[in-house]
Amino acid sequence: MSPEEKEWRLIGVMLLLTVVLFVVDITTSHGFASHVLYTAVVLIATASRHAWMPSVVAWIGTVLTVIGMIMRSPAMPGLQPWMPFGNRAFTITMLWILVWFAWKRREAETALQTANDNLEAKVLERTHDLTAVNQALVSEITERMQTERAYQRSEGRLAGVLDIAEDAIIVADINRTITLFNQGAVRLFGYDADEVLGQSLDLLLPERFRGEASRHIETFARGPETAHRMAQRREVFGLKRDGTEFPAEASISKLTVGEDTTFTIILRDITERRQAERQLRSLTAQLMTAQEEERRRISRELHDDINQRLALLVVEMGRLETNVPDPFDAARQDFQSLAQRLAAISDDVRRIAYQFHPSILDDLGLSAALEQLANAFSENTGIKTIVVQEDFGESLPQDISSCLYRIVQESLANVRKHAKASRVELELTCDDQDITLCIRDSGVGFDLERVRIDHRGLGLVSMRERVQSVHGRFEIQAEPGQGTRILVQIPPPGAHDEQTTSPVG
Amino acid sequence: MNKPRVLLADDHTLVLDGFQKLLETHCELVGTAEDGRAVVEAAERLKPDLVLLDIAMPRLNGIEAARKLKKQHPDMKVIFVTMHADAPYIKAAFKAGASGYLLKRSAGQELIQAIQVVMKGEFYLTPLITKGVISGFLDPTQIHVPAVEDLTARQREILQLVAEGYSAKEIASQLKTSHRTVEFHKAKIMEQLHLHSTTDLVKFAMAHGLVTGL
């Protein structure tokens, strides 16, 4: 039953009851206070959905009570005349008291309803809030889990990398205390990880390098650089558990998170590479010596044998020529021309022999050879050539003097071909450390990088190798427009055993 | 005039044979040697008037051999008969004490003449050797005035510092080189400029504007 229908039914019941009561009221005599029952109608009215219903019904009741008093048949005899009035007044009072109650109740109900509604709204709001918070929490947790997984993945990857890396990877904190020591490091240094964790990096360095290494790391820690390749030129050395040292290639990087700085050092044993390099170098040296030797042999063969025999032929012919009797003048002239041609051949052979190997180097020594070279160069090119050199006499080993001679020869050839110089200065000096050769020209210079890229090389590579074959250092400075300077430093004989070394750094 | 007593040194038997034939009418050949040490020993033993030497010889080259011979027997004459026509060889030969120098290929015409000239106490140099070579022997001071241009950049630096009163040690540390190298350069500069003292160096530097007075 719908609330609408219920309402109508309620109104119907009330109408019927009111009509019945009114009829009863006007038909019964005064002593029966049947009008009091209007209160029942008001009570029923309180069941209505409408708050005004009890007051309307009360009004109707009040009016009908008054009308009932007027239309009523005369009072029962013996009854006090004020009594029916009093009854009716009572009824009306009751009616309105009920209305008041009903109104009060309705008010209370409304208040309750409002309170209820408010509460509900609040609950809803709260629930909403909670849901939001919950969602936030869920997403946060998801995110956290994802991060965690990513972290685990990255950790795993890192661990994997650390494990399979051939290189030694060592992490140390700002106090140079080792905090990570990978398998590569274990293999390289021979320590177990737990033996070195918490120890100082010094453990892994030969004693003589410790101070410098620590200074180096401090400088690096303060510097703006985040990664640094150590020992690009010089060697770094590590110390194994068994006390052996090894040459290494190292790079270092630093990571600063908040207050903490950590260093990651990656180290590779380059003993084998060094060995290979040494072998290569010694092979190159041997090759050069062999080449030089062979050239010397061919040169000697040409100069001292073929050429001597040619010269002798000339001598013999001269002797024959003088023995030719005067009448055979034509024959004598033939002899002379033959002798001249032989002499020319002899000159050519001598020149070829000289190109193979300058015998002057063996016969008169480096000083004379260089002087001859410079004079010939100056004469052929018109370039002023100044030679300042110490006379080493016989003291210089053949390989070193050959090397110096060839370097000068090659440099002068470069000057002639490329430099457009007006002046060349050549200095050869010696002290306890080095034999120093410096060749400087006033020419146009060149871009070293470009020459390197072009692979024209200017014979620079072979010059360098030649110098290295006698344990020397080769250095070239050239800039467009600034001339070229070649510097060769060779340790004097007997001093080439020492090696240039340096600590981590 | 007596035939000069000649010792012949060459590592080529063919050459020895050939020269023997050339010499036999005018000289008395007292012996032959095939290397530098042998010739020094033979000269000691045979006391020849004259030694004919080749430059390229095993064990001890001709230049060294000549130096030893002249040291032990200053009167003994030495003539080089060789393949080398280059100035440094000729310079080295005469510096070592030789009195004559000729080329093998002209020995047929010149050897006897050379021996005669040298035995008279004069010098002989083969005409085959070019004029350019001879000019090389000339004392450079006669045709060349020493100048700043003949110094290398490094030498000029050192000369300037010397003139400014720095010691060799201070110069060495300034130029990042060794004390010895600085001393060498200083000596070499004096030699090149024909100067004899540090005072001369200072004067030269001032005269050439390398330093503006003290």
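These exercises, each with a worked solution, concern a predicted model with chains A and B.

**Exercise 1. The sheet of chain B**

Find the strand order of the open six-stranded sheet in chain B, and state how its strands pair. Then explain why strand 2 and strand 6 each have one side without a neighbour.

Solution.
- Step 1. Read across the sheet. The order is 2-1-3-4-5-6, and the pairing is parallel.
- Step 2. Look at the edges. Strand 2 (28-33) and strand 6 (124-125) of chain B stand there.
- Step 3. Count their partners. Each of these two strands has a single partner strand, so one side of each is left without a neighbour in the sheet.
- Step 4. Recall how such pairing is made. Strands of a sheet pair through backbone hydrogen bonds, either parallel or antiparallel.

**Exercise 2. One pair inside that sheet**

How many bridges join strand 4 to strand 5 of chain B? Which residue is the bridge partner of B:V81?

Solution.
- Step 1. Locate the strands. Strand 4 covers residues 77-82 of chain B, and strand 5 covers residues 100-103.
- Step 2. Count the bridges. There are four, and the two strands run parallel.
- Step 3. Start from B:V81 and cross to strand 5. The partner there is B:L102.

**Exercise 3. A hairpin in chain A**

Describe the pairing of strand 10 and strand 11 of chain A. Which residue of their hairpin takes a positive phi?

Solution.
- Step 1. Begin with the whole chain. Chain A has 14 helices and eleven strands.
- Step 2. Pick out the pair. Strand 10 spans residues 473-478 and strand 11 spans residues 484-490.
- Step 3. Check direction and bridges. The strands run antiparallel, and six bridges join them.
- Step 4. Take one position. A:Q477 stands opposite A:R485 in strand 11.
- Step 5. Move to the turn. Five residues lie between the strands, and A:G481 has a positive phi near 85°.

**Exercise 4. Two helix pairs**

Classify the packing of helix 2 with helix 3 in chain B, and of helix 12 with helix 14 in chain A.

Solution.
- Step 1. Know what to look for. Two packed helices are described by the angle between their axes and the distance between the axes.
- Step 2. Take chain B. The axes of helix 2 (residues 36-46) and helix 3 (residues 62-72) come within 9 Å and cross at roughly 20°.
- Step 3. Apply the cut-off. Angles under 35 degrees count as roughly parallel, so helix 2 and helix 3 of chain B are roughly parallel to each other. Their crossing is right-handed.
- Step 4. List the residues. From helix 2 of chain B come B:G36, B:V39, B:V40, B:A43 and B:E44. They meet B:G62, B:E64, B:A65, B:K68, B:L69 and B:Q72 of helix 3. By class, this contact has five nonpolar, three polar and three charged residues.
- Step 5. Take chain A. Helix 12 (residues 398-419) and helix 14 (residues 460-469) pack at about 165°, with axes 10 Å apart.
- Step 6. Apply the other cut-off. Angles over 145 degrees count as roughly antiparallel, so helix 12 and helix 14 of chain A are roughly antiparallel. This crossing is left-handed.
- Step 7. List the residues again. Helix 12 of chain A gives A:C403, A:R406, A:I407 and A:E410, while helix 14 gives A:M463, A:R466 and A:V467. The classes are four nonpolar, no polar and three charged.

**Exercise 5. Three single residues**

Is B:E44 buried or exposed? Where do A:R176 and B:K47 sit?

Solution.
- Step 1. Place B:E44. It belongs to helix 2 of chain B.
- Step 2. Count neighbours. B:E44 has 12 other C-beta atoms within 10 Å, so it is exposed.
- Step 3. Add a distance. B:E44 and B:Q72 are 28 residues apart in sequence, yet 8.4 Å apart in space, C-alpha to C-alpha.
- Step 4. Turn to A:R176. It lies in the loop between strand 1 (168-173) and strand 2 (178-181) of chain A. Its phi is near 65°, positive in a residue other than glycine. It has 18 C-beta neighbours inside 10 Å, so it counts as partly exposed.
- Step 5. Finish with B:K47. It sits in the loop between helix 2 and strand 3 (50-53) of chain B. Its phi is positive, about 45°, although it is not a glycine. With 13 C-beta neighbours inside 10 Å, B:K47 counts as partly exposed.

**Exercise 6. Where the chains meet**

How many residues does each chain give to the contact?

Solution.
- Step 1. Count by chain. Chain B gives 29 residues and chain A gives 32.
- Step 2. Name the elements on the chain B side. Helices 1, 4, 5, 8 and 10 of chain B each give two or more residues.
- Step 3. Sort that side by class. It has 13 nonpolar, nine polar and seven charged residues.

Note on methods: Residues numbered from 1 in each chain as written. Chains lettered and ligands numbered in written order. Predicted model: local features only at pLDDT ≥ 70, side-chain atom pairs only at ≥ 80, totals over all residues. Pairing = 2+ DSSP bridges. Contact = placed C-beta atoms within 7 Å. Nonpolar A, V, L, I, M, F, W, Y, C, P; charged D, E, K, R; others polar. Axes fitted to C-alpha atoms, helices over the stretch in contact; angles between N-to-C directions. Parallel < 35°, antiparallel > 145°, perpendicular 65-115°, else oblique. Left-handed = near helix turned anticlockwise from the far one by under 90°. Buried ≥ 20, exposed ≤ 12 C-beta atoms within 10 Å, placed from the backbone.
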